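User: I have a few questions about the packing in this model. Please keep the answers brisk.

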Amino acid sequence: MAEVTAKPDLDRLADGAKQAPGRGLPPVHLWNPTHAGEIDIVIRPDGSWTHEGAVIGRAALVRLFSTILRKDGDGYWLVTPVEKMKIEVEDAPFTAVAVEAVRDDEGQAVLRFTTNVGDVTVAGPDNPIRVETDPGTGEPRPYVHVRRGLEALILRPVFYELADMAQMRDGVAGVESAGAWFPLEPEAPRP
């Protein structure tokens, strides 16, 4: 695939994203622009972002776009104060590329995940870990909630690290973080 460096519609979105005041994540959940459309951006299962079939190679641009990503009932959107553009997400919008077992400020054991776009999230009641079964392979497909309905697919090497940390509880392997227990096995289908 060819690599995208910049295109007019990407530049326009980037300029809109830069209008967000302050530091940190923009308040996309509060923005309701009247102009809406679609843009040919696809987030692939491996975490790569493409525009018109070409990989967006500028990491800073992908990071910027990730900060204005929002999931609504009708799909995923890049949202700025003046417009929102629908995009396609083939699996989860992010991938969890690292996990670290640490203690928080209160001394509680937590699992801290880092995503491919630099977000850091601590698994817990507000950011659960869930495991599905991949219908194509039958293998576990684990996810962690990152923010506002957006999840990260936990990459296989990271999932292996979680498996190494796992403990058994009621015959099920799982991990604990921020006082919450997360089974590392997909839930069995209920009859």
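User: Which residues of helix 3 (residues 156–165) are buried?
Analyst: This is a predicted model, where local features need pLDDT of at least 70, side-chain atom pairs count only at pLDDT 80 or more, and totals for chains, interfaces and linings use all residues. Residues are numbered from 1 along each chain as its sequence is written, and side-chain values use heavy atoms, with hydrogens and water left out. Helices are DSSP runs of H or I, at least four residues, and strands are runs of E, at least two, numbered from the N terminus. Buried means under 20% relative accessible area, exposed over 50%, with partly exposed in between (1.4 Å probe, protein chains only); in helix 3 the buried residues are V158, F159 and L162.

User: Why are they on the same side of helix 3?
Analyst: The arc is taken from the directions from the helix axis to the C-beta atoms. On the other side, P157 and D164 are exposed. The buried residues share a side because they cover an arc of only 100° around the axis.

User: Which residue of helix 3 is in contact with F113, V158 or P157?
Analyst: Contact means heavy atoms within 4.5 Å. Neighbours within four places in sequence are left aside. The contacts of F113 include L162 and V158.

User: How far apart in space are K84 and A36, C-alpha to C-alpha?
Analyst: K84 is found in strand 7 (residues 83–89). K84 is buried, at a relative accessible area of 17%. K84 and A36 are 48 residues apart in sequence, yet their C-alpha separation is 4.8 Å.
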